[in-house]
Amino acid sequence: MATIISDTSRTFSEYLLIPRLTRKNQGTESVDLRSPLSAIEPNQLPRFSLNIPVVSACMQSVSGTSLSIALARQGGLSMVFCSQPIDSQVEMVRMVKSHKAGFVTSASNTTADTSLADVMQLMRESGHSTVPVTDDGTATGKFLGLITDQDFWEFEDDLENKVGEHMTPIDNVIYGVDGISLREANNLLHKHKKDCLPVLDAAGNLTSLVFKKDYVDHRRHPLEMLDDSKRLCVGAAVNTHDYKERVPELIAAGADVICFDSSDGFTEYQMEAITWIRTNFGPEIVIGGGNIVSAEGFDFLVGDPGIDFVKVGMGGGSICITREQKGVGRGQASALLDVVQRRDEYFSKTGRYIPLCSDGGLANDTQIVIALAMGADFVMMGRYFAMTEESPTPKTSIDGQMYKPYWGEGTHRAQNWQRYDDGMSSRKMMFEEGIDAYVPLVGSLSEVLETTLYKVRSTMVNLGANSLADFRESAVLTRVSEQSVVEAGTSSVFQFSRNREFDDSDWGNTG
């Protein structure tokens with residue numbers, strides 16, 4: 001007969017944290033949210049770490065180029081979705097990696113023979129007010145000068161004039177030489193009171209640009225995720241079907257992390273793929289596997305040849321219907337607690353620490369906190385990011401409220417048959433494991449994330465923790481009853497809208 005687990009399948013909403021001693025010298029500004037993403041070998045440091053414990057889901061409606069850039073600047077990591085052709089995913093990775101902290105490849109260029117009308121149109125389309133002038137109009141051509149929107153007047157100058165008549169020629173441009181450090185480049189900008197510094201190689205070809213605004217932006221985002229070359233970091237999802245073609249291309253494009261996108265990672269297909277990647281690219285490649293919901297699944301994935309992090313969760317996403325369609329899955333809290341216990345046992349036995357990603361089942365900021373307290377090293381979210389300005393879907397107005405489309409990878413719309421194929425069925429989805437929906441637009445990623453991370457830090461202070469490792473060790477959780485949930489909400493009061501005026505009649509008969 002079937003084995004029945006005595007423990008109930010539980011969710012994050014069924015738990016609360018018990019406060020611990022808050023010390024006088026503690027404050028939210030002193031809390032460190034860095035978290036390992038790669039496995040930590042005995043007596044070694046992790047090969048790759050996050051500056052904040054947040055990654056975006058491998059989804060078409062979530063992890064596009066703009067969101068990947070925005071999240072990396074905040075200290076997290078995006079997993080660019082693989083349910084697209086290899087070349088388009090590779091291009092998205094390249095676009096993120098082209099954003100180098102300080103040194104930027106010029107995206108808008110022109111020639112001296114171009115008309116002012118054409119360069120003005122280029123400025124409007126790109127949003128760039130400074131355009132390098134090269135001999136061939138490319139980002140790496142021989143540098144001739146700069147033209148800005150201050151070099152001509154739209155309604156006074158003849159827009160048929162050539163750029164060469166209005167640009168600042170190279171002899172009058174302050175520029176740097178290839179190999180200059182970012183600090184030296186910023187010092188030149190400061191010294192000469194310039195907003196843009198072209199960087200040229202020995203032959204006079206343009207290699208990159210350094211902007212004052214990027215220096216200011218970096219100072220405002222000290223946690224941004226950068227690789228050794230000062231480029232933004234990005235992850236890329238892969239499947240177990242075309243990984244032999246996809247993975248080499250993604251690694252060549254600069255992907256920092258390879259993450260398997262699968263509803264069920266407890267499969268021989270995923271182990272074969274992991275083994276192939278390790279055999280061909282060595283131990284330095286950071287690989288994430290999953291998803292799993294049990295200690296048994298964890299044991300399977302962390303064996304030889306070794307994986308860096310494991311995603312935990314099945315059927316808990318806001319647009320996932322795997323549990324009701326197939327009767328397979330587990331409450332996210334129960335799944336995470338089971339895997340955390342086995343992870344800690346594995347660490348005690350081997351000295352090798354495997355970071356865990358809690359993927360799905362996060363309905364609000366409080367549940368993010370609970371997931372981290374239960375032992376997750378970081379969380380993966382879809383809906384949370386789909387609601388931001390930077391997500392790749394278009395804004396849509398419904399009854400005066402702005403929304404964004406949001407759909408699961410298990411929907412016909414995603415056409416991601418590879419994620420659910422069992423290796424035997426035809427290349428079509430026989431049934432859906434996700435839904436197609438809309439989510440309200442809530443604002444920019446930076447604004448939303450700032451509030452969430454402040455809540456996380458504030459809660460950690462309540463438990464006397466200065467790091468996520470301290471948080472996990474000091475956390476004491478209690479189960480909640482239905483009545484305690486009622487008690488936690490507002491009761492016996494009338495809540496006025498902030499936009500509503502009220503008078504004495506609102507208080508009843510005042511006599």
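## Sheet, cores and a buried arginine

In this predicted model, Leu200 stands opposite Leu206, a residue of strand β11. The two strands involved, β10 (residues 196-200) and β11, run antiparallel to one another and are joined over 5 bridges. They belong to an open sheet of 3 strands, arranged in the order β9-β10-β11 with mixed pairing, in which β9 and β11 are the edge strands, each pairing on one side only. Helix α4 packs on this sheet and touches β9, β10 and β11, its direction making about 65 degrees with that of β11.

The elements of this region are listed here.

| Element | Residues |
|---|---|
| Strand β9 | 176-177 |
| Strand β10 | 196-200 |
| Strand β11 | 206-211 |
| Helix α4 | 182-192 |

In soluble globular proteins, nonpolar side chains tend to be buried together. Here the largest nonpolar core comprises 103 residues, and Leu37, Phe48, Leu77, Phe298, Val310, Phe385 and Phe471 have the most contacts inside it. When neighbours within four places in sequence are left aside, the contacts of Leu37 include Phe48 and Leu77, together with residues such as Val257, Val286, Phe309 and Phe378, and also Ser49 and Asp308. A second core, separate from this one, has 10 residues, among them Leu116, Val131, Val163 and Met167.

Is Arg330, a residue in the loop between α9 (322-326) and α10 (332-350), buried or exposed? Arg330 counts as buried because its relative accessible area is 15%, which lies under the 20% cut-off. Its side chain makes a polar contact, at 2.9 Å, with the side chain of Asp338.

Note on methods. Residues are numbered from 1 along each chain as its sequence is written. This is a predicted model: local features need pLDDT of at least 70, side-chain atom pairs count only at pLDDT 80 or more; totals for chains, interfaces and linings use all residues. Side-chain values use heavy atoms; hydrogens and water are left out. A nonpolar core is a set of buried Ala, Val, Leu, Ile, Met, Phe, Trp, Tyr and Cys residues joined through side-chain atoms within 4.5 Å. Buried means under 20% relative accessible area, exposed over 50%, partly exposed in between (1.4 Å probe, protein chains only). Contact means heavy atoms within 4.5 Å. Two strands pair if DSSP finds at least two bridges between them. Helices (H or I, at least four residues) and strands (E, at least two) are DSSP runs, numbered from the N terminus. Axes are lines fitted to C-alpha atoms, for helices over the stretch in contact, and angles run from 0 to 180 degrees between N-to-C directions. A polar contact is a pair of N or O atoms within 3.5 Å; within protein, one must be able to donate a hydrogen and the other to accept it, and residues adjacent in sequence count only if both atoms are side-chain atoms.
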